[in-house]
Amino acid sequence: MSAPEPMPAAPTALLQTHDVSIRFGGVQALRDVNIQINEWEIVGIIGPNGAGKTTLFNCITGFYAPTSGRVHYRGKDVTDLPVHQRTNLGMGRTFQNVGLVKSSTAGENLKTAQHLEVDYDPIAGIFGSPRTFEVEQHTTDRARAILDLMGLAHLESTRVQGLPYGVLKRLELAAVLATDPDVLLLDEPGSGMGPEEAEELGDLLLKLREEFELTIVMIDHHVPLVTRISDYMYCLNFGEVLTEGLPDDVRRHPEVVRAYLGDDPDEVH
Amino acid sequence: MAVDDKELTPRDTEAFTPTTAGRVGRAGAAALIAWLVLCYPTNILSPFTVGGVEANAASEAIIFAVIGLSLNVLIGYVGTISLGHQAFVGIGAFTSAYVVTEMRQEFFIAALIAALVGAAQAALLGAVSLRVTGLYFGLITLSYGIMTQESIFQIESLTGGTAGQPAPRPIGFESDFRYYYLCLIVLALVVFLDWRLIASKGGRALLALRENPRVAATWGINVKAYTVLGFAISGLFAGLGGALLAHRDTNVVANPFGLNLALVFILMTVIGGLRNRAGVVVGAAFFALLRNGELLEILHVDSLFARDPINLTAEVMPLVLGPILLLLTITLFPGGFGQLTNAVGRWLRGGRFRFVKADKEVQITDVRA
């Protein structure tokens, strides 16, 4: 772990779900899910495949409207806001299958991701008002700076299509950072990574939290990674919160072990 | 002429300096292209003499380029299709003619109003596209085009009915030769707008939402608003193209704005090379000159197809040659004309003449309905 940071005196809830349920036809994908993410925390969400983790992300970020329940962000009810407005409030997310514009270059992707930061009207941009040229220069510089920070500067003018998976994951993270988020929702950032790479990713996330003053929520199957960097952890199973608590407690919780490995507890690790 | 399938080789990226002869050749080629565009159609610095008919044909090529760039916004950037683009253009043509003839306004005011009306009607279709997508949206645009020609363009008080609406040329551009330059000026304007669109936040938003609307939304892009904006820009360009077409002919009638024209517009844009400005301009000009018979005449093959029993007139040639070229574009030459213009452009700027993989832009998924 990095140097301990002074925690806020009383943790303030940044993101909360209240009894969020969603049903697709006959499938109850989420049932009365209550989670709370405090400012500056790294919160891990684990659970077997099909537990509803990504569905929960989709409810939080606005892709799905929950059948019942509310989502609060900074104390404000955001349940009915469209996705792009939640981004404007400070939510940033990544996707399991890498959310990038594949036919564009890495640099263009990071410029596109800065959409809300680019301070001019799109119509003014089309008519080529002089100020847009200035702002564009700033946008390009910022894209370059973020790529540099993530060790991807050499890819600025490389087309994204065909880059290795690990690089894509890193680039996606860079793009989300370009949206200037307050909370990062990461959907399996460590998928496809070996133990060493996962270790590096953990360090990177801790570093990014310092640098960008982030709160992080992450879904991952890489339990060692999640337990190492998380301050708090939830385990979902069959659309419900199975248990929650400090990472080590959740990991050792018999129900969690059973959900992951079946009924035989001797099989653990 | 097969396309090189290899990735960029060191040979492509290494610094390359042309020889003196190479420089002279490049300068000569650039001068020839400039002469062909700026001088030949208007008999300036030209050993040839062309008439008003040829100048008008050249104007049509430039106007089609404007329309091609309009459709490129829709297919290439927004990622949808319009089988009713002839209505976009026709609405611009009738609006401009109406404003000049019935409201007694200047051409430039009329063209501006035509552009705005074009944008408004396209935005309306854009709103529809938010609800209906894919093949069924294609069907809606198809019906829209036919409905417009059959009903709106027949309203006598607006369009003059079968007699048509007179559309006199603006003062200073009355001759066919001068009018050609007016068309070039408008094309330059549209090229500028298209360049700024793609180099600014609006264009980036469109390219992102075409490929992945979910990612675009998480980056803070209002997918619905930008889709409508994309339609409006396409309609703006189409309205300008329509205005130019109206005053070139000096009289607008509903008859030419049929489905046949819509198909030519799509063919010329896709074969020109989606998202490739120069390619679309060249492709559109090629199809315009093929359609008005000028190309066949220059090649002295105009009488070859027009005789019994085939009786292929120039007007249907784009629909004969177009599908063949479309097949070649999708299978072998996915950058269309753009792949050629990119290679020529690189060569003119002092590089090697090579077809490179990075130029293969059009994907088969682009041509989905």
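This tour proceeds from whole chains to helix pairs and single residues. The structure is a predicted model.

**Stop 1: chain A as a whole**

Select chain A and display it as a cartoon. Chain A has 10 helices and 10 strands. Along the principal axes, its C-alpha trace spans about 65 × 40 × 40 Å. The radius of gyration of chain A is 19 Å, which agrees with the value near 18 Å that a compact globule of 269 residues would have. How much of chain A counts as buried? The share is 41% of its 269 residues. Now consider the contacts in chain A between residues at least 6 apart in sequence: 68% of them join residues at least 24 apart.

**Stop 2: chain B as a whole**

Hide chain A and select chain B. Here there are 17 helices and two strands. The globule rule gives 21 Å for 369 residues, and the radius of gyration of chain B is 21 Å, so chain B is as compact as a globular protein of that length. A box of roughly 65 × 60 × 45 Å, taken along the principal axes, is filled by the C-alpha atoms of chain B. Buried residues account for 49% of the 369 residues in chain B. Among contacts in chain B between residues at least 6 apart in sequence, 78% connect residues at least 24 apart.

**Stop 3: where the two chains touch**

Show both chains again. The contact draws 28 residues from chain A and 24 residues from chain B. On the chain A side, select helix H2 (83-89), helix H3 (106-113), helix H4 (122-126) and helix H5 (130-149); each supplies at least two residues of the side that touches chain B. By class, the residues on this side of chain A are 10 nonpolar, 13 polar and five charged.

**Stop 4: H3 and H8 of chain B**

Two packed helices are described by the angle between their axes and the distance between the axes. Select residues 52-78 of chain B, which form helix H3, together with residues 176-198 of chain B, which form helix H8. The two axes come within 9 Å and cross at roughly 15 degrees. That angle makes H3(B) roughly parallel to H8(B). The crossing of H3(B) and H8(B) is left-handed. To see the contact, show side chains: those of H3(B) include Ala55(B), Ile62(B), Val66(B) and Leu69(B), and those of H8(B) include Tyr180(B), Leu184(B), Leu187(B) and Val190(B). In total, the contact of H3(B) with H8(B) holds 15 nonpolar, three polar and two charged residues.

**Stop 5: H3 and H12 of chain B**

Keep H3(B) selected and add helix H12, residues 259-272 of chain B. How are the axes of H3(B) and H12(B) placed? They lie 9 Å apart, at an angle of about 75 degrees. H3(B) and H12(B) are therefore roughly perpendicular to each other. From H3(B), the residues in this contact include Phe64(B), Ile67(B) and Leu71(B); from H12(B), they include Phe265(B), Met268(B) and Val270(B). The classes here are eight nonpolar, four polar and no charged residues.

**Stop 6: H12 and H13 of chain B**

Keep H12(B) and add helix H13, residues 277-291 of chain B. H12(B) and H13(B) pack at about 140 degrees, and their axes are 7 Å apart. That makes H12(B) oblique to H13(B). The crossing of these two helices is right-handed. Among the residues in contact are Val264(B), Leu267(B) and Ile271(B) of H12(B), and Val280(B), Ala284(B), Phe287(B) and Arg291(B) of H13(B). This contact has eight nonpolar, four polar and one charged residue.

**Stop 7: three single residues**

Select Pro224(A), in helix H8 (residues 223-229) of chain A. Pro224(A) has 15 other C-beta atoms within 10 Å and is partly exposed. Add Glu199(A): the C-alpha atoms of Pro224(A) and Glu199(A) are 9.0 Å apart, although the two residues are 25 apart along the chain.

Next, select Phe238(A), in the loop between strand E9 (232-237) and strand E10 (240-245) of chain A. Its phi is near 50 degrees, a positive value in a residue other than glycine. Phe238(A) is partly exposed, with 15 C-beta neighbours inside 10 Å.

Finally, select Thr250(B), in the loop between helix H11 (223-249) and strand E2 (251-252) of chain B. Phi of Thr250(B) is positive, near 60 degrees, in a residue other than glycine. With 14 C-beta neighbours inside 10 Å, Thr250(B) counts as partly exposed.

Key:
Residues numbered from 1 in each chain as written. Chains lettered and ligands numbered in written order. Predicted model: local features only at pLDDT ≥ 70, side-chain atom pairs only at ≥ 80, totals over all residues. Axes fitted to C-alpha atoms, helices over the stretch in contact; angles between N-to-C directions. Helix = DSSP H or I, 4+ residues; strand = E, 2+ residues; numbered from the N terminus. Parallel < 35°, antiparallel > 145°, perpendicular 65-115°, else oblique. Left-handed = near helix turned anticlockwise from the far one by under 90°. Contact = placed C-beta atoms within 7 Å. Nonpolar A, V, L, I, M, F, W, Y, C, P; charged D, E, K, R; others polar. Rg over C-alpha atoms; globule rule 2.2 N^0.38 Å. Buried ≥ 20, exposed ≤ 12 C-beta atoms within 10 Å, placed from the backbone.
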